[in-house]
Structure formats: structure tokens, C-alpha cells
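Student: I am new to this structure and should like a close look at a single part. Could you please take me through one helix and then place it beside others?

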Amino acid sequence: MLNNINQTPEQKARDKIDMMLRQAGWAVQDNDKINFNASQGVAVREYQTDAGPADYMLFMGREPIGVIEAKRKEEGHRLTVHEEQAEGYAKSTLKYFDNKPLPFIYESTGELTRFIDTRDPKPRSRPVFSFHRPETFKEWRKKGKSLRTRLLAIPELNREGLRDCQIRAVNKLEVSFKNNRPRALIQMATGSGKTYTAITFIYRLLKFADAKRVLFLVDTKNLGEQAEQELMAYVPNDDNRKFTELYNVQRLKSSYVATDSQVCISTIQRLYSILKGEDLDERLEEENPNELWQPERWLPHKEPMPVVYNEKIPIEFFDFVVIDECHRSIYNLWKQVLDYFDAFLIGLTATPDKRTFGFFNENVVSEYPHEDAVADGVNVGYDAYTIETRITKNGAKIFAKEYVDRRHRLTRQKRWTQLDEDVVYSAKELDKDVVNPSQIRNIIREFKNIIPKIFPGREEVPKTLIYAKTDSHADDIIGIVREEFNEGNDFCKKITYKALEDPKSVLAQFRNSYSPRIAVTVDMIATGTDVKPLECLLFMRDVKSRNYFEQMKGRGTRTINYDDLKKVTPSAIITKTHFVIVDAVGVMKTLKTDSRPLERKKAVPLKDLLYAVMMGTAHDEDTLTSAANRLARLEKQITEQEKEKFKGMAGGKSVNQVVHELLDAHNPDRVEAVAREQFEIKPDQIPTGEQLEKAKGELIKRAASTFTGELIGYIEDVRKSHEQIIDTVNLDTVEFSGWDKQAKDKAKDVVDDFKAFLERHKDEIMALRIFYNQPYNRRELTYKMVKEVLDVLKAEKPLLAPARVWQAYEQLEKVDGHSQSPKNELTALVALIRRVTGIDDVLTPYDKTVDKNFKNWVFKKQAGAALKFNEEQMEWLRMIKEHVAASIHFDREDLDYAPFDAKGGIGKMYQVFGDEMDGIIDEMNEALVA
């Protein structure tokens with residue numbers, strides 16, 4: 001242990017530098033005691049050069065390769081001023097050597113260290129966590145050119161199979177690398193292929209820049225598994241082998257990191273624990289830390305426990321670090337992981353905020369927002385539909401003496417009891433302290449009722465994701481959904497980490513199979529999960545975080561081709577053109593803040609305190625005492641059975657023992673006792689301040705070792721296990737159900753865009769020419785002519801699919817036959833063209849127009865003394881009418897096909913109508929399309 005009491009600042013800095021060098025594998029020696037056999041890397045103090053003695057000279061074998069200029073701590077802010085001095089030593093001639101200029105230069109205070117690789121193009125110093133290892137320098141010299149030099153030689157990108165937004169991102173990122181920009185941000189809309197883009201540039205870095213190793217950093221296990229699957233499936237466009245056949249990929253599942261892996265996938269939580277030399281509770285990898293706990297809430301005064309140097313994963317272990325969902329992974333204690341590595345940092349996100357831009361030095365190499373992705377057809381946009389109920393808005397009151405159910409949160413057991421006093425609950429308390437089944441039921445019932453309105457023509461419920469507040473809330477929703485839709489268990493399932501059924505299996509079914517039609521989640525698939533057939537998001541929980549809300553919305557933006565959509569949603573008549581947000585809690589209207597609020601939270605949940613203790617980031621007296629006091633109060637409330645279960649999960653420790661361990665860390669007597677034991681201090685001696693701090697750290701670590709994610713989860717469940725009131729007294733009612741203003745504005749844009757398309761092509765496409773300029777020729781309109789309009793529309797404006805434009809009209813004006821939806825795209829297109837060109841005053845399903853015109857025509861033909869059609873003739877006329885309603889026009893040749901051929905075809909019709917047959921056909925073609 002170092003005795004720093006009488007040392008000068010320069011000596012303290014040298015001691016710290018010595019320690020850092022030894023950790024990095026260097027033998028540190030005085031210049032009069034050099035032994036090059038001690039290690040492959042030797043750092044010699046005060047080695048003489050023709051420019052004077054260098055603070056440290058670095059040797060590989062007997063060859064000088066680098067120099068360290070040491071400065072006292074107070075010079076940290078001026079390290080760059082000393083670069084010239086350090087470079088002077090590097091260019092000097094060493095005593096006993098006829099050396100060339102040295103390639104590797106450091107300036108260090110022991111607290112701050114900067115490094116220059118003079119082999120780089122335009123060498124520039126950069127901050128590093130510690131010194132590089134001798135074997136690293138050996139490997140670098142063997143490769144000859146430095147990484148930054150090799151980056152200049154990356155060839156032009158092969159664009160085959162890549163979207164324009166992906167091409168731009170890769171090209172601009174590689175320009176950023178060539179300009180030696182240490183951090184870069186790729187902002188790409190959800191669903192536009194961020195991960196595929198990342199794998200593409202990772203492949204190019206490994207192949208063309210000879211990168212040693214790349215880290216793909218995520219913040220949930222789920223995202224890590226997805227990244228691994230995409231890497232396994234990736235086939236580069238210049239090689240027919242899969243990525244995993246070319247390079248080793250390892251997803252970290254323990255503290256072991258394979259040195260022969262070119263790509264490592266890890267959660268930032270796991271890497272943090274590895275760098276601290278501690279085991280990780282796997283439950284910490286399952287939930288998004290942004291949702292689970294926010295360090296700033298329970299660290300008002302203390303810094304997070306720092307990561308420490310790890311010789312198995314030195315600072316140069318990764319050349320590049322790709323940070324997925326970086327908008328939530330770059331703050332607080334996680335930032336240390338990123339600062340540790342001497343690597344290029346590349347952030348991936350769809351929803352950056354100001355701090356994200358700041359962290360990446362405002363080096364945004366790709367900006368591809370959701371609006372651009374929608375315009376390019378990479379994403380689909382959304383419409384918003386609002387359901388408001390009285391209790392959702394205002395809460396309710398249950399009067400004293402009313403009988404209600406009380407439900408145990410964990411066991412779900414109910415008991416019937418009478419209230420002693422009035423219970424008034426707000427909307428915020430719904431589904432926590434009070435559950436109102438009527439409120440849930442009215443939302444679900446209204447949702448069921450509006451499906452024909454928001455998804456016309458569907459025979460099944462579109463794939464829908466419901467966001468619930470808690471796991472318990474999710475269970476309540478599922479039961480009511482199954483009941484209101486009169487469906488079985490497969491129809492609606494829960495996808496949360498606490499679900500009994502494997503959440504991955506249910507997610508795969510939701511993505512690829514007909515059932516379930518509805519999934520309910522809390523946060524497991526709120527972000528980063530690809531469910532392409534998803535067409536509806538029902539929010540039954542509010543979200544305050546702007547970024548998190550954008551991520552949740554992003555689940556619906558994924559595109560899917562028509563054939564794949566029909567596999568899971570058979571009644572879909574067109575490809576997915578948009579999705580619908582059904583807002584049942586006002587989530588679209590509430591004020592949103594940045595993901596991690598800057599203000600300190602005074603009231604800290606017990607769960608957050610305990611996670612802080614477990615992670616070792618809570619070592620101040622306030623936090624540990626608060627956690628202890630709350631556990632002590634909890635001990636008085638829980639049952640003997642619950643105490644025994646706690647003991648089993650806490651390694652045999654009772655709640656009281658755990659409380660004492662938390663308090664011991666700041667109990668002076670206990671700290672001194674541990675210090676005396678730890679350092680074998682005699683009774684007549686007094687422990688030093690440093691020894692006491694060491695003992696306190698040991699006590700904190702001992703207290704932290706008790707806690708696991710499972711134990712904290714149990715404590716949280718027990719804490720919440722007081723009963724919920726089930727309010728069956730107050731019945732809810734729907735007060736508003738309709739499209740919101742934003743949806744109507746979007747609908748108007750769709751209709752205007754469609755009108756502009758027709759205007760633009762009215763003189764060049766035959767069908768449009770007829771509708772606009774030649775109304776007398778409408779009888780000549782054929783299926784082929786209308787198909788030409790549809791083909792051009794799909795090619796130029798794929799998002800203006802007839803069904804999409806039809807729905808937009810429904811939001812803006814009365815539509816005749818509202819309950820009916822178009823039978824197919826062609827007849828929908830005809831009806832829309834008729835509305836735009838003014839033939840119809842209101843949008844009317846084409847078959848309804850044909851029905852009306854048919855009745856009028858038959859009435860006129862049979863009026864007065866004219867010969868009446870007999871029943872057999874009317875049967876033929878109705879078949880022709882149905883054909884025109886579905887196929888626009890009727891030709892003699894159609895008589896050779898169903899249903900006419902089964903009735904005798906052209907011969908039989910001639911027999912029924914005689915010489916009037918052709919005249920009848922011409923008249924009907926003219927009359928039915930009038």
C-alpha cells in the first residue's frame with residue numbers, strides 16, 4: 001500500500017503511473033537497474049536522451065518504441081501543452097542507441113492520459129483510460145500500418161442489396177473514420193435497417209481495414225439475441241458465405257471473453273460487471289435499464305463505482321464499439337464502459353436527443369428520420385384514434401359501507417369486504433391500488449367495435465399490441481379481451497419477462513402465425529423488437545419519456561410485403577400501408593420529457609435503492625440507511641412464510657440480518673472492528689483512515705453480495721402484496737371515440753396527394769382520360785384500363801393504395817354505405833376516381849353504384865307497355881350486373897367463363913334474349929357505369 005502522506009504531487013503521479021504500467025503488463029525499472037529479460041515490455045524511468053532524461057522510456061525486448069511524459073495531477077488540463085516536449089523525446093537519440101523516432105507517445109498525470117500513434121496520418125493525441133499492453137504494440141508493429149492509416153484504403157461500397165439510406169450511412173461513416181473522428185452517430189428510423197447497416201460496415205472494417213475486434217453493445221438480452229440472429233443470417237454482397245462462416249461471433253453469457261472472436265455481442269450491464277470484476281445477475285440483462293432504474297435517482301451526491309483496469313480485456317481489446325439504442329446507453333454509470341475502451345464509438349438510434357448529439361461530438365453521419373422513411377416506403381406512417389372514458393379521465397369515488405372485492409396482488413385471491421371509509425382514486429391510481437374492470441372492459445369493447453371502422457374489410461382482428469402498466473394489469477386486460485372477443489387462450493397472450501409461457505416462443509407466434517391476434521406487454525417488446533405484421537398499437541398506459549414513446553410507436557412502422565402479411569392476416573386485401581395507434585389513456589397528449597430527467601428525485605422507490613446496493617453504486621450513508629429502514633419496516637408487515645422465502649433467497653440471512661449488514665457499513669464501531677481484523681491491527685494501534693475506508697468498502701461489498709435481481713423482484717412483489725380494491729361499483733362509459741385531429745390532417749394530405757396524382761396523369765392514361773374528358777365513353781371502360789391506373793399508382797405512389805385513400809376519405813366526409821368496404825382494389829379505385837372527378841357527390845362503393853344503376857335501368861325497361869323481363873332473363877341480367885360490379889365491364893367473351901359457362905354460356909344467353917342479346921350487353925355497360 002502506498003504511503004502518500006509526505007510525497008510531492010510529482011511523486012504521487014509517478015506512483016500512479018507505475019501502477020498503471022504494471023497492470024498493463026510492463027515491468028517498471030530504474031535506469032540503473034535495467035533488466036530486459038524481466039518482461040517483453042519494460043518501462044525505464046529517467047532514461048537519458050540527447051534531449052535530456054525522459055520520464056519513462058518503453059522498450060520491447062531491447063528496442064525502444066515509446067515514451068511517457070509524466071506530469072503532476074494539477075497539470076491535467078494542460079496535457080496537450082506538453083505534447084511538444086513528449087514528441088521531442090520521441091524524436092531524440094537515446095543513449096546507447098542509434099534509433100529512429102519512436103512511434104508511441106504518452107502524456108500522463110496518472111489520472112488523465114493522452115496517447116499519440118505517430119504512424120497515423122496527421123497524428124493526433126487522444127485520451128485513453130490506461131496504457132496499452134506490450135503485446136499490443138508487438139501486434140501493431142507486425143501489421144505495419146496503423147488502423148487509422150488502413151482505414152484510408154477502404155474501397156468503394158458495393159451498393160447491391162442496400163437501401164439508399166443504408167448506403168448513405170455506410171459511406172458517410174467511412175468518411176468519418178478516414179477523418180479520424182472518434183465518435184459518430186447513425187440516426188435511422190425504426191424499421192429502416194439499422195442493424196443490417198451496422199453489420200455491413202462491421203464486415204467492411206474486418207475485411208478491408210483488418211480491424212482486430214468489434215464490440216456490438218446492447219442494453220437488453222433480447223436485443224443481443226436479435227443482433228446475433230441477424231449476424232448469423234447476414235451474407236455479404238461480395239461473398240456467398242455467411243458472416244459467421246467468415247468471422248467468429250460471440251454473444252457474452254458469462255465473464256469469459258474469447259480472444260479469437262472478431263465480433264462480441266454484450267449487454268452494457270454485463271461488460272460493466274466484467275470490468276468491475278464481479279458476477280452479473282442475468283435478470284439485469286432482461287429489462288431495459290431505462291425502464292428499470294435510473295442511477296441519478298439514487299445517487300444525488302456520490303459518483304458510480306468506477307470500472308477498473310482488466311488485463312483480460314485491456315483498453316485496446318476492441319477497435320470499434322457499436323452502441324445499439326445509444327440514446328439510452330451512454331449516460332451515468334454506463335458511460336464508464338464506453339470511456340474505458342480506446343476505440344471508435346458508433347451510436348445507433350432512431351430517437352436521439354440533445355445529449356446524444358453532444359456525446360457523439362455532433363458528428364451525425366446519417367440523419368434518416370421516420371418522415372423520410374415513410375416517404376421512401378421504408379417505413380409506414382400511422383393514424384391516431386382516440387378512446388376516452390369517464391373513469392380513465394377523472395377516476396372515481398367508492399363510498400364507505402359499500403361492499404367490494406379486495407384482491408391480493410401476488411396470489412390474486414379475493415375476499416368480499418365492506419369499506420370503512422370513502423375511497424377516492426385518480427386516473428393515475430388505476431390498476432395500481434384500485435382496479436376498475438368496467439374501465440378496462442369499456443376500452444376493450446369500444447376497440448372491438450371500431451375495428452371495422454379503422455380496418456375496413458377485415459375478417460379477423462389485425463395483429464395488435466396492447467401496452468399495459470404492470471404485469472398484473474396485463475393479466476386483467478387479457479382476461480377481458482378473451483371474454484369480449486369471445487375467443488380462447490390462443491387469441492390473446494402476454495409477452496413479458498414474467499409470463500409463464502416462454503416469451504420468445506409467444507413472440508415468434510405473434511410474428512409468424514395466425515394466433516395470437518393480440519399480444520399484451522409491459523416493456524419487453526416495447527423497443528427494438530421486429531414484428532412486421534403488427535398493424536395496431538393500443539396504449540393502455542401513459543409514457544412520459546419522449547424517446548421511449550417514439551420507440552414504442554416504432555413497433556408498428558415495419559413494412560411487410562403483401563404475401564407475408566396474408567400468411568398471418570388472410571383477409572388483408574393490400575399490403576401494409578400504415579398502422580393505427582389507439583390511444584385509450586391520452587398518451588398522445590401528455591407532455592413528454594427527455595428519457596433521463598436531469599432533476600433529482602427526492603422520493604426513491606425501494607426497488608431502485610436495492611438495485612443501487614446490488615450494483616455497488618450506492619455507498620453513501622443516506623442510500624444504505626434508507627434501504628435498511630425500509631426493509632426493517634417491511635419485516636414487520638410480512639408473514640412468517642414470506643420471511644422464510646426471503647431467507648431462502650438471501651443465502652440463509654433473515655431480513656433483520658440484511659438490515660444490520662446495510663447499517664454496518666456506516667457504523668464506526670463495526671468499521672473499526674473489520675479494519676482491525678482485516679489488517680491484523682494490534683489493540684494498542686489505531687487504524688489509518690485508508691484502512692478504515694478499505695474496511696467500509698468491504699462491508700458495503702458484503703451487504704451488496706446478498707442481493708440478486710430475483711431477491712429484489714421478490715421484495716418488490718411482497719412490498720406490493722397488500723390488496724387491491726376491485727371497483728365494481730362505478731361502471732364506466734365511453735365519452736369519446738374518433739380519429740384525432742392529427743389523423744384527419746394526415747387523411748387530408750392523402751386525399752390531396754391522390755387528387756394530384758389523377759390530375760397529373762389525366763391526359764396520358766386512357767381510363768383517366770375517359771373519366772375526366774369523355775364521359776360518353778365510360779361504357780368502353782375495361783378491367784385492363786383501370787388496371788393500368790392501379791399499376792402506375794403503385795409504382796409512383798405505393799402509399800396511395802386505394803384502401804388507404806378510401807380510409808382517408810372516411811375520416812374526412814360521409815361515405816355512402818359506410819359499413820361496406822370495397823370488394824377489391826380495382827373497384828375501390830373506380831369509386832375513388834368517380835368521387836374525385838365529381839361523378840359521385842359522396843364516395844360510394846362501386847358495387848352499390850352498380851346496384852342502384854341496375855335498379856333504375858330495369859325500372860325504365862319495364863315501365864309502361866314495354867315487354868317485361870321474365871324470371872330467367874332477370875337471372876342472367878343479375879349475373880351480368882354482379883360481373884360489372886366486380887370487373888368494371890362486361891364482354892361477350894366473358895360468357896365463356898364462370899358463372900355463365902355453368903348456365904350454358906353464349907349459346908344459352910342468345911336462346912334467352914335472341915337478337916337483343918348484344919344490345920342488352922351494350923345498354924348494361926352504359927347504364928351500370930353512369
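**Helix α6 and two further sites**

Tutor: In α6, the buried residues are K194, T195, T197, A198, I199, T200, F201, I202, Y203, R204, L205 and L206. The model is a predicted one. Twelve of the 15 residues of α6 are thus buried, so the helix is largely enclosed by the rest of the structure. Its length can be checked as well: at 1.5 Å a residue, the 15 residues of α6 (residues 194-208) should span 21 Å, and the end C-alpha atoms are indeed 21 Å apart, which agrees. After α6 comes D210, which has a positive phi, near 55°.

A pair of helices may be set beside this one. The axes of α16 (residues 437-454) and α17 (residues 471-484) come within 9 Å and cross at roughly 50°; the two helices are therefore oblique to each other. Their crossing is right-handed. On the α16 side, P437, I440, R441, I444, R445 and K448 take part, and they meet H473, D476, I477, I480, V481, E483 and E484 of α17. By class, this contact has six nonpolar, one polar and six charged residues.

Finally, a single residue deserves attention. F854 lies in helix α33 (residues 846-861). Its relative accessibility is 6%, and F854 therefore counts as buried, the cut-off being under 20%. Apart from neighbours within four places in sequence, F854 is in contact with M874, L877, R878, K881, M924 and L928. By contrast, the C-alpha atoms of F854 and E325, 529 residues apart along the chain, are separated by 60 Å.

Methods:
Residues are numbered from 1 along each chain as its sequence is written. This is a predicted model: local features need pLDDT of at least 70, side-chain atom pairs count only at pLDDT 80 or more; totals for chains, interfaces and linings use all residues. Side-chain values use heavy atoms; hydrogens and water are left out. Axes are lines fitted to C-alpha atoms, for helices over the stretch in contact, and angles run from 0 to 180 degrees between N-to-C directions. Helices (H or I, at least four residues) and strands (E, at least two) are DSSP runs, numbered from the N terminus. Angles under 35 degrees count as roughly parallel, over 145 as roughly antiparallel, 65 to 115 as roughly perpendicular and the rest as oblique. A crossing is left-handed if the near helix is turned anticlockwise from the far one by less than a right angle, and right-handed if clockwise. Contact means heavy atoms within 4.5 Å. Ala, Val, Leu, Ile, Met, Phe, Trp, Tyr, Cys and Pro count as nonpolar, Asp, Glu, Lys and Arg as charged, and the others, Gly among them, as polar. Buried means under 20% relative accessible area, exposed over 50%, partly exposed in between (1.4 Å probe, protein chains only). The expected span of a helix is 1.5 Å times one less than its number of residues.
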